[in-house]
Amino acid sequence: MDSFKIKGDFIKLNQLLKLMGWCSSGAEANAAIEQGLVMVNGNVETRKRNKIMPSFQVTYGANTVLIE
């Protein structure tokens with residue numbers, strides 16, 4: 001499992017997918033989220049701009065990241 005340290009209070013889910021390199025564009029990240037392929041804290045998340053905060057765990061495919 002990877003970890004990712006955010007600056008500020010939160011990061012938007014679609015931005016995180018791009019920054020992690022899991023999606024090559026915002027459109028690809030949005031599509032993955034809309035299709036229910038992304039999980040936040042073990043639950044399917046379909047809100048593209050969901051605020052991801054420290055201690056959250058995000059999973060996309062075989063990739064998982066813990067937010068610090």
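**View 1. Asn 50, a buried loop residue.** In this predicted model, Asn 50 has a relative accessibility of 11%, so it counts as buried, the cut-off being under 20%. You'll find Asn 50 in the loop between strand 4 and strand 5, the latter covering residues 51–52. And what does Asn 50 touch, once its neighbours within four places in sequence are set aside? The contacts are Ile 11, Lys 12, Leu 13, Val 40 and Glu 45.

**View 2. A lysine over a ring.** Here Lys 51 sits over the face of Phe 10. The distance to the ring centre is 4.8 Å.

**View 3. The open sheet.** Five strands make up an open sheet, and their order is 1-7-6-3-4. The pairing in this sheet is mixed. Which strands sit at the edges? They are strand 1 (2–4) and strand 4 (43–44), each of which pairs on one side only.

**View 4. Strand 1 beside strand 7.** Zoom in on one edge strand and its partner: strand 1 and strand 7 run parallel, paired over three bridges. Asp 2 is a handy place to start, with Val 65 in strand 7 as its bridge partner.

**View 5. The hairpin of strands 6 and 7.** Strand 6 and strand 7 (residues 63–67) are antiparallel and share four bridges. One pair to look for is Thr 59 with its bridge partner Thr 64 in strand 7. Two residues lie between the strands of this hairpin. In the turn, Gly 61 has a positive phi of about 65 degrees.

**View 6. Strand 3 against strand 6.** Now for another antiparallel pair: strand 3 (residues 38–40) is joined to strand 6 (residues 57–60) by three bridges. Look across from Val 40 and you'll meet Val 58 in strand 6.

**View 7. The largest nonpolar core.** This core has 19 residues. Those with the most contacts inside it are Phe 4, Leu 16, Leu 17, Val 38, Ile 52, Val 58 and Val 65. At least two core residues come from each of helix 1 (13–19), helix 2 (26–34), strand 3, strand 6 and strand 7. As a general tendency, nonpolar side chains in soluble globular proteins are buried together.

**View 8. A close look at Leu 16.** Which residues does Leu 16 touch, if those up to four places away in sequence don't count? The list runs Phe 4, Ile 11, Ile 52, Val 58, Val 65 and Ile 67. Among these, Phe 4, Ile 52, Val 58 and Val 65 are also listed with Leu 16 as having the most contacts inside the core.

Note on methods:
Residues are numbered from 1 along each chain as its sequence is written. This is a predicted model: local features need pLDDT of at least 70, side-chain atom pairs count only at pLDDT 80 or more; totals for chains, interfaces and linings use all residues. Side-chain values use heavy atoms; hydrogens and water are left out. A charge sits over a ring if NZ of Lys or CZ of Arg is within 6 Å of the ring centre and within 35 degrees of the ring normal. Two strands pair if DSSP finds at least two bridges between them. A nonpolar core is a set of buried Ala, Val, Leu, Ile, Met, Phe, Trp, Tyr and Cys residues joined through side-chain atoms within 4.5 Å. Buried means under 20% relative accessible area, exposed over 50%, partly exposed in between (1.4 Å probe, protein chains only). Contact means heavy atoms within 4.5 Å.
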